[in-house]
Amino acid sequence: MMSNNTNARHEAWDVVRRAHASLGPATLRTLFDQHSNRFETFSRTGADILFDFSKQRLDTKALKALIDLSRASDVEWARDQMVSGAAINITENRAVRHMALRASPTDPAFADVADDVDAVREAMLAFAEGVRSGKVAAADDGPLKHVINIGIGGSDLGPQLAVQALQPDNDGPAVHFVSNVDGAHIADTLAKCEPARTLVLVASKSFATLETLRNAKTARAWLVNACGEEAVADHFAALSTNLEAVAAFGIRSDRTFGFWDWVGGRYSLWSVIGLPVAIAIGPEKFRELLSGAAAMDAHFLNAPLGENLPVLAALVGIWNRNIEGHAALGILPYDQRLQRLPAYVQQLDMESNGKSVALDGSALETVSGPIVWGEPGTNAQHAFFQMLHQGATIVPCDFLVAADSRETEALYEPHHKALVANCLAQSEALALGETTDEARARMEAAGMATAEIERLGPHKTFPGNRPSSTLLYPALTPALLGQLLAFYEHKVFVQGVIWGINSFDQWGVQLGKLLADELTPMLSTDEIDPDRNGSTNGLLQAVRHMRNR
Ligand code: F6P
């Protein structure tokens, strides 16, 4: 998915590099001193999200060059290609149309799939409502009080994030998530559930994922052991594109909710993969989540490049990664309920853009996707912020914070003020730092002895000049969560287009899966494969020695 605009693209990259050269060593401090309107110049609003990138080390010349780069990279054309249903996932020959899952049924752009999408969504939401109301009952006709979603990657991260994020909207059965093949995960979860009151959702686009099938078989055995084989029909449902494999597993067809190969795993929250969310928050709130994402889609599809939040966030990321040379991106939600957002964006970004090969198979000319990591603030402040402020490696960060908490009781009011203050304080400290003289002055004001001030001065100096963006939103509602996730989806898409890679495949996860298939039987024998490397063989032998069963 790239037009033949190579010369224009190369020239646009050169202009960005020249803008960087003319910015020189200007620090964020200098940039703020020189430009009193920096916040107004470098912040934009899209849907309900304010995106402040004034704490990024760039100026108006650089921003213009970056916007021109997105134009020269044919971002608008690529966006239209995605909407049109062209097979832009060229290595798997698939279209990429997750936007259709949240579009209005009358949107002409997705008219070709709207009826199917609507029918499946309505069936899924009716089932969710049935579970919530008790109409969809357990084998003994009693209520289903626990739901276990068994899935991994895109079949786990989005729904789990959404259920946690929308806790104030959760008024359905308790929803649990099992992903890891480590038996500890399912064992700990099953221990919290009563088989006769539990619905198991097997969520797998391919219905071929080792972890999910292993966990699903274990859950099935647990249920059959307690309630008998005939209970499976009432206690299992499946979310998948592979209807044959679901039927072979023994899940009823009217409990099987399908989707399409044009929905990538990490973009599938909006499909039937969202069923655990709909069960937790109900169909109406689930629709609000979808409309929030649709509002961000409309912004992404219609706002000019220089006003477009996902485009601007992508360009800031390109600037940091390719021009400033920063290898990582910190995702720091000052919002406890977004505790899984770093993991979600990690998959979205790293599985999409963690690649070194261009669309035509040639080696990429630039570096691509960053290392994405993070934790919620303020917890992260007491863990790795030391390194962010004074470490030798600069990590650009995204701060996220709500203007209002959903804890409306006066009892909790001081919490939110402290949360917001900490969020703003951290990005300010990262950007502006504190010189040794300022640190000394602060110590003098605190009455410290001169010798001590001299000794501690270097330790208390903050270099600053560490870039970050802040996403501010009114409150973490279903609609807002939809906007936020769609924002990151489109940001990652735009970066993939500019880097000229296929953001929609994930071949890099395959080799390890194949090798694990080879090694699994070797854990049940004493054999050694003489053609295998010494380290793996040595570790295999050591496992056999150490285990006592
Ligand atoms: O291994 C990577 C991956 O294919 C992800 O892209 C996907 O989200 C996850 O595994 C789960 O896949 P499935 O939904 O097919 O079980």
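Reader: Which residue stands opposite leucine 332 in β10?

Author: This is a predicted model, and the place to look is where two strands run side by side. Strand β8 covers residues 328–334 and pairs with β10, residues 397–402, in the parallel sense over five bridges. Across from leucine 332, the β10 residue is phenylalanine 399.

Reader: What are the edge strands of the sheet?

Author: Let's start with the strand order in this open, six-stranded sheet with mixed pairing: β1-β2-β11-β10-β8-β9. An edge strand here pairs on one side only. That gives β1 (43–46) and β9 (371–374).

Reader: Which helix packs on the sheet, touching β8, β10 and β11?

Author: Follow the chain to residues 413–432, and to β11 at 468–473. The helix there has a direction that makes about 160 degrees with that of β10. The helix you want is α17.

Reader: Which element supplies the largest share of the lining of the largest cavity?

Author: The structure holds four cavities of 30 Å³ or more, and the largest has a volume of about 180 Å³. At least two lining residues come from each of α14 (309–323), β8, β10 and α20 (478–499). The largest share is five residues, and the element supplying them is α14.

Reader: How many residues in the lining of that largest cavity are charged?

Author: The lining has 20 residues, and those closest to the cavity's centre are Val316, Gly317, Asn320, Leu329 and Lys491. Sorted by class, 10 of the lining residues are nonpolar and six are polar. The charged ones number four.

How values were computed
Residues are numbered from 1 along each chain as its sequence is written. This is a predicted model: local features need pLDDT of at least 70, side-chain atom pairs count only at pLDDT 80 or more; totals for chains, interfaces and linings use all residues. Side-chain values use heavy atoms; hydrogens and water are left out. Two strands pair if DSSP finds at least two bridges between them. Helices (H or I, at least four residues) and strands (E, at least two) are DSSP runs, numbered from the N terminus. Contact means heavy atoms within 4.5 Å. Axes are lines fitted to C-alpha atoms, for helices over the stretch in contact, and angles run from 0 to 180 degrees between N-to-C directions. On a 1 Å grid over the protein atoms alone, a cavity is a set of points where a 1.4 Å probe fits but cannot get out, and a pocket is an open set with protein on both sides within 12 Å along at least five of seven lines; lining residues have an atom within 4 Å of a point. Grid points are joined across faces, edges and corners, and a volume is the space filled by probe spheres set on the points. Ala, Val, Leu, Ile, Met, Phe, Trp, Tyr, Cys and Pro count as nonpolar, Asp, Glu, Lys and Arg as charged, and the others, Gly among them, as polar.
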